Amino acid sequence: MSVYRLAMGAGFARLQPELQDYFDLDPAGPLACGTGTGTFDVAGCPLPALRPLLRLSARDRSLFPEYQRNVPFTIVNRAGLDAAGRPALSAVRTLEFAGRTRIMEDVTVWDPQRGVLLDRVGRSGLLSTDLECSAGADGRMRLVSRRSRLLAGPLSLPLPRLLEAAAFTEQWWDQAEGRFRIRTKVIQRQLGTVLEYDGAFSYRPGSP
């Protein structure tokens, strides 16, 4: 069963049918991967003073320092199992900024012991957040992460509140355009929006 079905239970059926297909990648099912291609109307960090610091996180494929409009991108989703045998979904996003390609990746894992989705961010997976997902009254998917921790071997260390940031994502099927739309903001308590992307994409089952 897909990680989002496990997390949402009966609420999964309240998503738009197109979203159900998108989020229902199952490591044991016939559809275990999918590819999307589109354009972000805007993507990156809107705070110039913060961008030099984000160059470090860009090395780990988590955040990035650029901020541009009309950024082509692809996303490849793959369902599988993590090292502990838990259902997982990896997402690799490739953004084509002017003169620079950036990659963002994460792995979402269903934790049956705690009954939550864990989103491990970046290539290293050292940063983990608890991911809440719900279906809005309009059938849109809403994803929220507020609690973050650093993973170091068997240790799980809560991130100091001064450094914590909350991420908010909304994704939906735009019937008029015949494409998916996605809107994400990462907001830090003291600084405001530190990362955002907003755009539309087409999606099909299968690898690129």
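This passage walks through the core, one helix, one hairpin and one cavity of a predicted model.

A good place to start is the inside. The largest nonpolar core takes in 41 residues, and the ones with the most contacts inside it are Tyr4, Phe40, Leu95 and Met141. Tyr4 sits in helix α1, which spans residues 3-8. With a relative accessible area of 5%, Tyr4 counts as buried, given that the cut-off for buried is under 20%. Leaving out residues up to four places away in sequence, Tyr4 touches Phe12, Phe23, Leu89, Thr108, Leu117, Leu131, Cys133, Met141 and Leu143. Its surroundings also bring in a part of the chain well along the sequence: Ser134 is 130 residues away in sequence, yet the two C-alpha atoms are 9.6 Å apart in space.

Phe40 has its own set of partners. Setting aside neighbours within four places in sequence, Phe40 is in contact with Leu95, another of the core residues with the most contacts. Its other contacts are Arg69, Asn70, Val71, Phe73, Ile182, Tyr197, Asp198 and Gly199.

Next comes helix α3, residues 51-59, where Leu54, Ser57 and Ala58 are buried. Looking down the axis of α3, these buried residues fall within an arc of 105 degrees, so they line one face of the helix. The spacing fits a general rule: an α-helix has 3.6 residues a turn, so residues three or four places apart point the same way. What do the buried residues of α3 pack against? Their partners are two strands, β4 (100-111) and β11 (192-205). The other side of α3 carries Leu53, Leu56 and Arg59, which are exposed. After α3 comes Arg61, with a positive phi near 60 degrees.

A positive phi also turns up in the hairpin of β5 and β6: Gly122 has one near 85 degrees. This hairpin has 5 residues between its strands. Strand β5 (residues 116-121) and strand β6 (residues 127-135) run antiparallel and are joined by 5 bridges. Within that pairing, Arg120 has Ser128 of β6 as its bridge partner.

Last, the empty space. The count comes to 1 cavity of 30 Å³ or more, and the largest cavity holds about 40 Å³. Tyr4 shows up again here, as one of the lining residues, together with Ser2, Val3, Phe23, Leu25, Pro27, Ala79, Ala88 and Leu89. Helix α1 and strand β3 (87-97) each supply at least two residues of this lining. Two of the other lining residues, Phe23 and Leu89, are also among the contacts of Tyr4.

Definitions and conventions
Residues are numbered from 1 along each chain as its sequence is written. This is a predicted model: local features need pLDDT of at least 70, side-chain atom pairs count only at pLDDT 80 or more; totals for chains, interfaces and linings use all residues. Side-chain values use heavy atoms; hydrogens and water are left out. Helices (H or I, at least four residues) and strands (E, at least two) are DSSP runs, numbered from the N terminus. Buried means under 20% relative accessible area, exposed over 50%, partly exposed in between (1.4 Å probe, protein chains only). Contact means heavy atoms within 4.5 Å. Two strands pair if DSSP finds at least two bridges between them. The arc is that of the directions from the helix axis to the C-beta atoms. A nonpolar core is a set of buried Ala, Val, Leu, Ile, Met, Phe, Trp, Tyr and Cys residues joined through side-chain atoms within 4.5 Å. On a 1 Å grid over the protein atoms alone, a cavity is a set of points where a 1.4 Å probe fits but cannot get out, and a pocket is an open set with protein on both sides within 12 Å along at least five of seven lines; lining residues have an atom within 4 Å of a point. Grid points are joined across faces, edges and corners, and a volume is the space filled by probe spheres set on the points.
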